[in-house]
Amino acid sequence: MNCRKVNSRLADLLLDPQSVPVKLRQHVKECAGCGRELAELRATMGLLDDWAVPEANPFFDAKLLSRLRAEGQAKPVGFLERWKARLLYGSNLRMQPLMAGALALIVLVGGGTYADLSWQSHQQSDESAAVRDLQSLDGNAQVFQQLDSIDQPAAPQSQDSGTAGPSSD
Ligand SMILES: [Zn+2]
């Protein structure tokens, strides 16, 4: 009976001693190494029997909430962090995306206008640019007049005497 074979049956010896051969039990009694193995295994099984799943700390939720609150109130260290926190956790939360969008729009429009103006100054003189602006304004005025003439028949009262209806050119 060699020790390795005995070691493979030590658990059986502990749980159900009658299932293992007598020769094996005899070996464990006589062999110091196998006896020590059996003792260690018995101790481990005893620990496992005593071990119970630890219950969750009843104060865990309260602690977590207070921790979160403290983190929210703590002042960030750096300037960038402060601004980031202000943008992220500001009191007017719903205004932040609007402000960011407005800022992006300003940057876009400003950049576009600047590019457009620089392009015009390169391509044409300021005078022709002004003339073009006036022409576009004139076009807009015509568009508005047309819109007014469309609106007027629907309106009950009209300021002008020309109530004959929309007249085309
Ligand atoms: Zn042995």
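Which helix of the protein chain has the lowest confidence, and which the highest? Keep that in mind while looking through these views of a predicted model.

**View 1. Confidence along the protein chain.** Helix H7 (residues 95–123) is where confidence is lowest, with a mean of 63. Helix H3 (residues 22–30) sits at the other end of the scale, with the highest value, 93. Taken over the protein chain, the mean pLDDT comes to 75, and 69% of the residues reach 70 or more.

**View 2. The zinc ion and its protein donors.** Here you can see what holds the metal: Cys3 (SG), His27 (NE2), Cys31 (SG) and Cys34 (SG), at 2.0 to 2.3 Å from the zinc ion. The 4 donor atoms make angles of 98 to 118°, and the site is tetrahedral. Walk along the chain and the donors turn up with the spacing C-x23-H-x3-C-x2-C. Two of these residues, His27 and Cys31, are buried.

**View 3. The two sides of helix H3.** His27 shows up again here, buried in H3 together with Leu24 and Val28. These three share one side of H3, because the arc they cover around the axis is only 100°. An α-helix has 3.6 residues a turn, so residues three or four places apart point the same way. Over on the other side of H3, you'll find Val22, Lys23, Lys29 and Glu30, which are exposed.

**View 4. What the buried residues of H3 pack against.** Look around the buried residues of H3 and you'll meet three partners: helix H1 (3–7), helix H2 (10–15) and helix H4 (32–50).

Technical notes: Residues are numbered from 1 along each chain as its sequence is written. This is a predicted model: local features need pLDDT of at least 70, side-chain atom pairs count only at pLDDT 80 or more; totals for chains, interfaces and linings use all residues. Side-chain values use heavy atoms; hydrogens and water are left out. Donors are N, O and S atoms within 2.8 Å of the metal (3.2 Å for Na, K and Ca); water is not among the atoms, so sites may look incomplete. Four donors count as tetrahedral if all angles lie between 85 and 135 degrees; four count as square planar and six as octahedral if opposite donors are over 155 degrees apart and all others between 65 and 115; anything else is irregular. Buried means under 20% relative accessible area, exposed over 50%, partly exposed in between (1.4 Å probe, protein chains only). pLDDT is the predictor's confidence in each residue, from 0 to 100. Helices (H or I, at least four residues) and strands (E, at least two) are DSSP runs, numbered from the N terminus. The arc is that of the directions from the helix axis to the C-beta atoms. Contact means heavy atoms within 4.5 Å.
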